[in-house]
Amino acid sequence: MESKLLKYEGRKGAYYYDYVIQPDGQPKRHLTTLFALITISGTGECLATYTTSCLEDQWAALEPVYEKITNSFSVGQKQVA
C-alpha cells in the first residue's frame with residue numbers, strides 16, 4: 001500500500017490528519033482523521049476518533065462537506081463531583 005500524509009495539525013483540542021492511500025490494485029482514497037482524548041475531571045477517559053473517506057477523484061467536491069464536519073467537532077471537559 002502506498003500512502004502520503006498531506007497535512008496534520010491541532011484543532012480545538014484534537015489532532016487532525018489529511019492523507020491519501022492507495023491499496024494495491026485499488027484506486028487512491030483521500031481520508032481525513034481526527035483523534036481527541038475526552039476527559040472527565042482532568043484525567044483521560046476515552047479516545048474519540050472519526051475518519052472521512054472518499055475516492056481521490058471525488059475529493060474536490062466533498063472537501064467542503066468534510067471540512068464543515070471537522071470544524072463542527074469540539075472537545076469539552078466534563079467535571080464529575
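Cys-46 is partly exposed at 38% relative accessibility, where partly exposed denotes values between buried (under 20% relative accessible area) and exposed (over 50%), computed with a 1.4 Å probe on protein chains only. Cys-54, by contrast, is buried, its relative accessible area being 2%. The structure contains zero disulfides, a disulfide being counted when a pair of cysteine sulfur atoms lies within 2.5 Å. In general terms, such a link is a covalent bond between the sulfur atoms of two cysteines.

The model discussed here is predicted, with local features requiring a pLDDT of at least 70, side-chain atom pairs counting only at pLDDT 80 or more, and totals for chains, interfaces and linings using all residues. Residues are numbered from 1 along each chain as its sequence is written, and side-chain values rest on heavy atoms, with hydrogens and water left out.

Turning to the overall fold, the protein has one helix and five strands; helices (H or I, at least four residues) and strands (E, at least two) are DSSP runs numbered from the N terminus. Read from the N terminus, the order of these elements is β-β-β-β-α-β. Of the 81 residues in the protein, 25% are buried. The protein exposes about 5,600 Å², of which carbon and sulfur atoms supply 54%; these areas come from the Shrake-Rupley method with a 1.4 Å probe, and for residues only the protein chains shown count as cover. Among contacts (heavy atoms within 4.5 Å) between residues at least 6 apart in sequence, 34% join residues at least 24 apart.

Charged pairs offer a pleasant thread to follow through this fold. Side chains of opposite charge can pair when their charged atoms come close. Two salt bridges are present in the structure, each defined as a side-chain nitrogen of Lys or Arg within 4 Å of a carboxyl oxygen of Asp or Glu. In one of them, Arg-11 meets Glu-9 with an N to O distance of 2.7 Å. Arg-11 also pairs with Glu-67, where the closest N and O atoms are 3.1 Å apart. Because Arg-11 lies in strand 1 (residues 2-11) and Glu-67 in helix 1 (residues 59-72), this pair ties together parts that are 56 residues apart in sequence.

The three residues Glu-9, Arg-11 and Glu-67 are thus linked in a network of salt bridges. Within this network, Arg-11 is buried, at 13% relative accessible area. Glu-9 is partly exposed at 30% relative accessibility, and Glu-67 is likewise partly exposed, with a relative accessible area of 25%.
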